[in-house]
Each structure stands twice: as C-alpha cells, then as structure tokens.
Amino acid sequence: MSKLTKLTSWSALEKHFDDIKALHMRDMFEKDSGRFDKFSIQLNDILYDYSKNRIDDQTIRLLLDLAEEAGLTVQIEKMFSGEAINHTEQRAVLHTALRDRSTEPLIVNGQDIRAEIKQERQRVMQLAEQIRTRKWRGVTNQAITDVVNIGIGGSHLGPLMVTEALRPHSLHDINVHFVSNIDENHINDTLEYLNPETTFFIIASKTFTTQDTMVNAESARQWYINKLGSDEHIERHFCAVTSNVGLATEFGVAGPNIFKMWDWVGGRYSLWSAIGLSSVIMIGSDQFEELLNGAYEVDQHFSSAPLAENIPVIMALLGLWYNNFFDAQSMAVLPYDQHLHRFPSYLQQADMESNGKSVDNQAQQVDYTTGPVIFGEIGIAAQHAFFQLLHQGTKLVPADILAPVYNFRCIARHHRALMSNVFAQTEALMRGKTQQQVYDELKREGMSEEKIKQLMPYKVFPGNRPTSTILFDTLNPKTLGSIIALYEHKIFVQGVIWNINSFDQWGVELGKQLAKNILHELDDNECVASHDSSTNGLINHYKTRRPIKKEDKRM
C-alpha cells in the first residue's frame, strides 16, 4: 500500500464517498438555497463557482483534511522559498519568481535570482520594443514585419496561447508565426510568403539540442542564406532563448541576442521568461507586465489564503475527488472565448506532462490513479462535437467552463447568445431531464402514448454531471495571467497530494532517444532487423516505398 491511501483522511473520504455517490445535485440545490454562495470564491474580477459539483459541506471538509495531512502548506512554502522540490533533478521550482514583485533577494545556488530575472526581462523588453517601434533593422535596413518563433512544448504552446489570447491587445502590422512540427510542411508553409529581409527568428530551446527545434532552426537559417546569398548580418535576424550559450553562438546567434533560461524553470512553466519574447513583441512591455501582475496576484492568493478559500486548492481537490473516488479518468476544459482556443492544448502539456506519473516521491509504484486526460475545445464548437457524450454518455467527465462577462468589442447580440449557452449548459449538465419531464413535454406536443413510450428513453438526460465555472470580466493581460497561474498551482497541489514530482518529465525522453538511434538507420537502404518485428516491418516498408534517395532539397 502507498503512503497516500494509508492516510486517515483518505479512509474517511472513501467512507464518505459511499454515502454521497448516489446523491443527485438536483436535489442538493433544492435542499440548500445558499449553495452558490457557499461554494463560490471571488478573486479580483474572477468568480470561481464550484457549486455544480457532487459535493456537500462534509466533502469539502474531508478534502481539506487530506490536503493538510498530505503536507500541502509546507510544500507551498518550500516551493516559494526556492527549495529543490524537483528532487529527481535536484532543482528548485521558481517560475513564480519570474513574476514576483518583491525586491528582497532570493538566493538560489549562491545567486540573487531576482536581480538576474530583472536584468534579463529588461533585455527582452528592449529588443521587443525596438522591433515594435521599427528601430530594429534587418540586413537591408528594413523594419521587421514577421517574427517566427521556433520551439516545441513549453517553448511553443505557452507563447502561442498567450499571443492568440491577447490578439485584441496586439500590434496588427507585425505578424507572429509559430513553428513546432519537425514535419517540413510546417516550416515550409510558414516561410513560403515571408521575406528574409524583414523576418526575425526566435530559436527557443533550453538545451539547444532538441531535434524538432534544431532541424527547423537549421532550415530557417539555410532559407535565409539561400535567399540573400550569404549569412552576412544574420545576427540582425536571429535570436535565441536558451541555457546553452555555446551552442547558440556556434549556430550564429550574436551574444547580445542570446537570452537566458534557468534550470529552475520548467519549459511548460516558462512563458513568463524570455520564452515569452514573441508575446512581448505582440502586446508590448506594459501589457506583458500586466500579465505578470495578474499571475503574481494569484501567487499571493495561493500562498496566503486559507485552504478553504484558496481557488487553486479547491480546483485541485475537486479534480482529485473525481479522479480517485468517482474514477473519472478525464477532464474537459471548455473556454467560451474564441481567443482562448489554444488554452486547452496549453493545459494538456501543463497538466499531463506534470502529473502523468506512476512512481511516487519514494520511488514506489502508486496504487491509485494520478493525472487525468485533459482535453477541450471552444465551448460552442464542443457543444456540436462531444457534448453528447458529456450529457448522455457512460463516462463521467468533469468540466471547467471559462467565460468573459464582456468581450473586447462586445456586440450584444453575439455575447448574450454566447452566455446563454454557458448558463444553459452548466444547468443542463447538473439538472438533466427526468422521465416525467420528457413525458409531459411530449404529451404537450400531442404525441401518442405508444410513441412517447418508444421515444422517452432517448430523451432522458441523467444530469448530475459536474462543472466548475470561471467567469471573468474580460480577457485582458492581467486576467489571463491570473487564469494561467490558477491552473499552474492547481497542478502543483494535485502533485503534492498524489506524492509525485510534478516538475520532471522523464517519460518524454525514451522516444527521443530511440528516434535518435533510428534516424541513423534511415540514412541507407539496408534492411533493418535490430528491433521488434513490428518496428522492423514499418521501417523496412518505409525504406522500400520512399523515393530514391536524393540530396536534401535546399529551402
């Protein structure tokens, strides 16, 4: 047995689950008119309503007991103070320091990292403002019109999500493009209509060795050389965000154009760092500071609010309640804001790479489920895609729904129609539709008893499907920063309680290592026999079907 399932609070939750699992939220709301007030929390312009969950007062008390017994408060303090809580890599976890407004020194490995962070941020903002104001000039003395961010994982999903989310707050005469896929179509399609004289590349790679990123970076460099005839003044068109200054310099990036990454910032938590350069170029330094401010205010809330009034803690505990007691293996994230269309993808990495672990902090196999499968889509589109399963399927899928009280332009007929769906879907998922309601409805339509009997089973909705709703005034930089930080801390809390390390990602490595070995085997037409029969068969089929090998086409 694992440590977690031996806790007194865990046993109490198991007993409580048996008592509550058959209760319907419809009845809970009828019995308790104050349920919304009791189970909602407001932080600045963000309202978190978790009343449409299969919980009562005792559920919350027992979940909070579990958090305390798992040592959550101590772990929060350790993270913010810079202890090496990423124990498998012996690293601190300090993405929060990137947005910290404190002027007090924070010493990590003998260095005051707050001073370093401030210096690096100023460098990032200086470059961004030069590009935004057309002071930065390319090889032919033209201003930059297009920025291409080349990265993968956290070096891609974070900046992409932020840039899309804050589109109304961005410059519209500079285009930012994102390339992540090693498939040549991604880089080729991106560069097809660009002018190298007015294009600026950001190579975002912590190690500067990630195959996906570096193959694309080399292709971009070759494209520049082929178009302009030489690599002269290439430093006017390339910068790097990395911890490997040596390799970035070898690539041809000038020293002043190399921005620092630290080992105490994981890639999926790095959008607050120089990895966010593309975002700063689009929204400007002041707006980026607002993004940081929004996250910082959530950091303050998370580190100081009582657990019972702490939004990330409650979010995490509800997720654990469904994952470990209701056996819900997935969770849907449903933004009703078009500009958050990349937010579910961003959260997939943030959550699944963090808590997709099966070994605990004592190097023992866990005997309980950990991170759920995260999926999602813009809410309106999802209603016409997979909401059928949410409403009437056999699987319980808890959902987070995010929506703005008003949009940047906020055309009333659009926004009221949008919000009517937000409120209707959460109510429908909670309440459902009973047999009696279906019968009465069909009877009013004049349907015969025989036809009603035939159709009724298909029109009954069980309800009792949990949702949590996050309403915010509007999607500005500060609010976006707050929302991202809420989810970051939620992921951390769940990792603490599951007793796993949320900040390593060893599971990413094996496929990379094997791909590196197989790459050499693809350089000739010899039959391969060094793998299992399936892998051998696939490789050999590929070799026999691909065109006769030619020299790589230059871009």
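Q: Two strands pair if DSSP finds at least two bridges between them. By that rule, what makes strand 12 and strand 13 a pair?

A: First, a word on the model: it is predicted, so local features need pLDDT of at least 70 and side-chain atom pairs count only at pLDDT 80 or more, while totals for chains, interfaces and linings use all residues. Residues are numbered from 1 along each chain as its sequence is written, and side-chain values use heavy atoms, with hydrogens and water left out. Now to the pair: strand 12 (residues 399–404) and strand 13 (residues 467–472) are joined by six bridges and run in the parallel sense, so the rule of at least two is met. Within this pair, I401 faces T469 of strand 13.

Q: How do you know which stretches count as strands or helices?

A: They are DSSP runs numbered from the N terminus: H or I over at least four residues makes a helix, and E over at least two makes a strand. Strand 7 (residues 199–204) and strand 8 (residues 238–242) are examples, running parallel with four bridges between them. Along strand 8, C239 is the bridge partner of I202, and A240 is that of I203.

Q: Why are strand 1 and strand 11 called edges?

A: They belong to an open sheet of six strands with mixed pairing, in the order 1-2-13-12-10-11. Strand 1 (40–43) and strand 11 (373–376) each have a single partner strand, so each has one side without a neighbour in the sheet. From one strand to the next, the twist averages 15°.

Q: What makes strand 6 and strand 9 the edges of their sheet?

A: Their sheet is open, has five strands in parallel pairing, and follows the order 6-5-7-8-9. Strand 6 (175–179) and strand 9 (258–260) again have a single partner each, so one side of each lacks a neighbour in the sheet. Here the twist averages 20° from strand to strand.

Q: What makes the angle between helix 7 and strand 6 what it is, and which strands does helix 7 lie across?

A: Axes are lines fitted to C-alpha atoms (for helices, over the stretch in contact, meaning heavy atoms within 4.5 Å), and angles run from 0 to 180 degrees between N-to-C directions. Helix 7 lies across strand 5 (146–150), strand 6 and strand 7, at about 150° to strand 6. Helix 8 (residues 184–191) touches those strands as well, and its direction makes about 165° with that of strand 6. On the six-stranded sheet, helix 14 (residues 343–355) lies across strand 10 (330–335), strand 11 and strand 12, at about 175° to strand 11.

Q: How do you know whether L320 is buried or exposed?

A: Buried means under 20% relative accessible area, exposed means over 50%, and partly exposed lies in between (1.4 Å probe, protein chains only). L320, in helix 13, has 0% relative accessibility and so counts as buried. Leaving aside neighbours within four places in sequence, its contacts are L63, L66, F325, Q494, I497 and W498.

Q: And what makes D32 buried, exposed or partly exposed?

A: D32 has a relative accessible area of 22%, so it is partly exposed. D32 sits in the loop between helix 2 (25–31) and helix 3 (35–38).

Q: Why is strand 8 called mostly covered?

A: Five of its five residues are buried. F238, A240 and T242 cover one side, and C239 and V241 the other.

Q: How do you know that the span of helix 12 agrees with its 20 residues?

A: The expected span is 1.5 Å times one less than the number of residues. For helix 12 (residues 285–304) that should give 28 Å, and its end C-alpha atoms are 28 Å apart, so the two agree.

Q: What makes a space a cavity or a pocket?

A: On a 1 Å grid over the protein atoms alone, a cavity is a set of points where a 1.4 Å probe fits but cannot get out; a pocket is an open set with protein on both sides within 12 Å along at least five of seven lines. Lining residues have an atom within 4 Å of a point. Points are joined across faces, edges and corners, and volume is the space filled by probe spheres set on them. This rule finds two cavities of 30 Å³ or more. The largest cavity has about 160 Å³, and of its 16 lining residues, L318, G319, Y322, M331 and P398 are closest to its centre. Helix 13 (311–324) gives the most to that lining, five residues. The second largest pocket holds about 1100 Å³; T207, T210, Q505, E509 and K512 are the closest to its centre of its 43 lining residues.
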